[in-house]
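Reader: I should like to learn how to read packing and pairing in a protein model. Might we work through several features in turn?

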Amino acid sequence: MPESAEALMQDILHDARAQVGSPELNIAYRMSVAEYERLTPYAKRLEENWGKPPGHLNSDGQNLLIYGKAYGNVFIGVQPTFGYEGDPMRLLFSRSASPHHGFAAYYTFLNHIWQADAVLHFGTHGSLEFMPGKQMGMSGDCYPDNLIGYIPNLYYYAANNPSEATIAKRRSYANTISYLTPPAENAGLYKGLRELSDLIGSYQTLKDSGRGVQIVNTIMDKCRMVNLDQDVPLPDKDAADLSAEERDTLVGKVYIKLMEIESRLLPCGLHVIGKPPTTAEAVATLVNIASLDRPEDGIKSLPRLIAESLGRDIDEIYQNSDRGVLADVELLRQINEATRAAVSALVQAQADADGRVSRVSKLNFFNMGRKEPWIEALHATGYSRVDAAALKPLMEYLEFCLQQIVADNELGALLQALEGEYILPGPGGDPIRNPDVLPTGKNIHALDPQAIPTAAAVQSAKVVVDRLLARQKIENNDQWPETIAMVLWGTDNIKTYGESLAQVLWLVGARPLPDSLGRVNKVELIPLEELGRPRIDVVVNCSGVFRDLFINQMALIDRAIKMAAEADEPLELNFIRKHALQQASELGIELRQAATRVFTNASGSYAANVNLAVENSSWEQESELQDMYLSRKSFAFSADSPGTMQQARQLFETALKTVDVTFQNLDSSEISLTDVSHYFDADPTKLVGALRADGKQPKAYIADTTTANAQVRTLSETVRLDSRTKLLNPKWYEGMLAHGYEGVREISKRLVNTMGWSATAGAVDNWVYEEANATFILDEQMRQRLLNTNPHSFRKMVSTFLELHGRGYWETSEANLELLRQLYQEVEDKIEGVE
């Protein structure tokens, strides 16, 4: 083996060019067309999509090329891509194409030439299990089955992604081995945001002196400088013209925004298999575990216990601080600090000399003649009256969770699997909501799909929907929204036990009815007088993964919506019936068919491909992206004939025409709007604007249930929060750059995902791109680092900035554009080896 990981990577990639398809990748084997056809019995079937072999992908025009390198008995290979980048038109097909010849040749090589005894797919996720075929119960005509052949398939998979892990198991026979998600830390504050925080501190100490007014004026100016004026409405007048109470509330609102940014969890860097977390990383995870109530275990959250020791209710403190009550914003900050201090004390007691926690032992503080360190920490922060009896089960639970976090079996499980031994199964999901996901190194399973939504999920869903409707009414002249377009994701519904599913039912005004075993197969309509508001029409788009895992739940929603459409109720109180009657007469169809509101991809296809088009810059007009979405996402589901999904584009379009609000959920801190391309891929905001008769773009909202205090924000607010805490945050990008080559790719990917929100929703403010350009391009030291570490990804960043301007998403100075064009030429020369 090479002496370092860096050298190994260079060996396989040569000059670190991960552009799959470029000849700089190391070629392990050249397969002639004759050999390929002899060893690949299904090669003929690929020709209708890709023509005769060898084709253009992974080939030199004569042979098929296998990229990778062998070291003794280990072959490290690079899985080919889907192949869309060579032919953007394929993105428009409503059904996915077969694998291309180069993709098939790769697995033929592993099966017949290298004759692998086992394969390890490394990291979440590849494209093998998403190739066309049946959803489950693969046959000899399904491509995943053809490709993997007879090789045992081991698969390192992120513990927080049980839904796609289930697909890897069903469709490519994978034995998954879970790994921890990257360690998370609080985003913290930097630059102008840090200065703003200091000003608020000064205001609290000096507000009653003569300087209070002057400080508030400075705070307002600073807010405008750091673009917080879009998140906190600032008055147009001088602070002297505000009452003392108004000044307090204004400062309180800015303060709670800063706390939101500061306390947001962000993954720092990447996870290294088999490496236990540092104490700082363990503390960040445990603070979040400690902040959630767990009524089913009889455990109250630490913030709630601290608030109770003051005779207060934490929920009331949350509500007041959201409204900007300065005293409660400050109290909430102190409670959060005390929570962190107590959890740190628990972790520090277990740390080893390297500052890592490698094992957790039972410590007896009573014998040492001192109080438990977390009690000492709470006393030191001024909370001496916390109920010790209620604290005990919480702290024991946190010790247990700490033990789970460090009891890593990621490498151990791989060795067991290679020995052909049994890997212990365990649930996948968010380790903060469900610490049973830990320790990692388990074979991931999801949950019983018939058990959702749970009663707790229905309760949480009600809170979010009520907040969404209240917010929308305030911003919409006190009118109810008539139709909401929602996305249902597989992973999210596993993690939250069906919260977003329950949101759909609550909007419609329906109640899930569990049977005696807790299985949910029936729904009933809630009477209008009990509901106390109109029934809201909902157009539901299910991800391909949700479709595969939760077909019964799709039937549940479909039945609820059709029951509502058939209910004899006044139209101004039942928007579903109102719209379904209009559609029925307009399209000349039955009312039941007109009330179809559950749509997804064709069977065996995933995604709208808008994300692939944006990533490959293979589109001219936004209308092309919208067309992809409509052609791929318009397969209607009906509980009346659940086995078939028929394309019903006209029905889909007429349903979307009435949409006033688009809505998605964020449920865990490690995956947010710009971390992955799935969220914008599924977003129909601009599309609805194009379909509506009045051309009005719907309001877009995002529910954030990543903390105990659930929030509903506009899409633009969420994109701003995401950009401030990640893309523009030194703590995030330095964390990424510490991983070198892959880190630069992550930064470039996030910039592209941010552009996706401009393309589908126009949700990105100009200053976000301006600041990103200042951070990564104008700073000479930074751009040299990026260029030297990963020239390919840096080139992608430069071309993304130029594309943003070209598409009208970013207005900037001619000097900035000139520099970008010059840099593009420089990086081209570097890649081509021109000195």
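**Helices, strands and a buried lysine**

Author: Let us begin with a helix pair in this predicted model. Helix α34 (residues 780–789) and helix α35 (residues 791–806) have axes that come within 5 Å and cross at roughly 130°. That angle makes α34 oblique to α35.

Reader: Which residues in α34 meet α35?

Author: From α34, the residues are R783, L786, L787, N788 and T789, and they meet P791, F794 and M797 in α35. By class, this contact of α34 with α35 has five nonpolar, two polar and one charged residues.

Reader: How should strand pairing be read, and in what order do the eight strands of the open sheet lie?

Author: As a general idea, strands of a sheet pair through backbone hydrogen bonds, either parallel or antiparallel. Here the open sheet has the order β17-β16-β15-β14-β11-β18-β19-β20, with mixed pairing. Its edge strands, β17 (646–647) and β20 (711–714), each pair on one side only.
Within the sheet, strand β15 (residues 598–600) and strand β16 (residues 635–636) run antiparallel and are joined by two bridges. The bridge partner of F599 in β16 is A636. Helix α27 (residues 649–656) packs on the sheet, where it touches β11 (483–488), β14 (537–542), β15 and β17. The direction of α27 makes about 130° with that of β14.

Reader: Let us turn to strand β6 (residues 174–179): is it mostly covered or mostly exposed?

Author: Strand β6 is mostly covered, since six of its six residues are buried. In general, the side chains of a regular strand alternate between the two faces of the sheet. In β6, A174, T176 and S178 point one way, N175, I177 and Y179 point the other way, and all are buried.

Reader: How many bridges join strand β5 (residues 153–158) to β6, and which residue in β6 is the bridge partner of L154?

Author: Six bridges join β5 to β6, and the two strands run parallel. The partner of L154 is N175. Between these strands the chain passes through helix α6 (residues 162–172), and this β-α-β crossover from β5 to β6 is right-handed.

Reader: Finally, where is K257 placed, and does K257 count as buried or exposed?

Author: K257 lies in helix α9 (residues 244–263). Its relative accessibility is 15%, and buried means under 20%, so K257 counts as buried. Leaving aside neighbours within four places in sequence, K257 is in contact with L228, D231 and V232.

Technical notes
Residues numbered from 1 in each chain as written. Predicted model: local features only at pLDDT ≥ 70, side-chain atom pairs only at ≥ 80, totals over all residues. Heavy atoms only, no water. Axes fitted to C-alpha atoms, helices over the stretch in contact; angles between N-to-C directions. Helix = DSSP H or I, 4+ residues; strand = E, 2+ residues; numbered from the N terminus. Parallel < 35°, antiparallel > 145°, perpendicular 65-115°, else oblique. Contact = heavy atoms within 4.5 Å. Nonpolar A, V, L, I, M, F, W, Y, C, P; charged D, E, K, R; others polar. Pairing = 2+ DSSP bridges. Buried < 20%, exposed > 50% of the residue type's maximum accessible area, 1.4 Å probe, protein only. Right-handed = clockwise from strand over helix to strand, strands pointing away.
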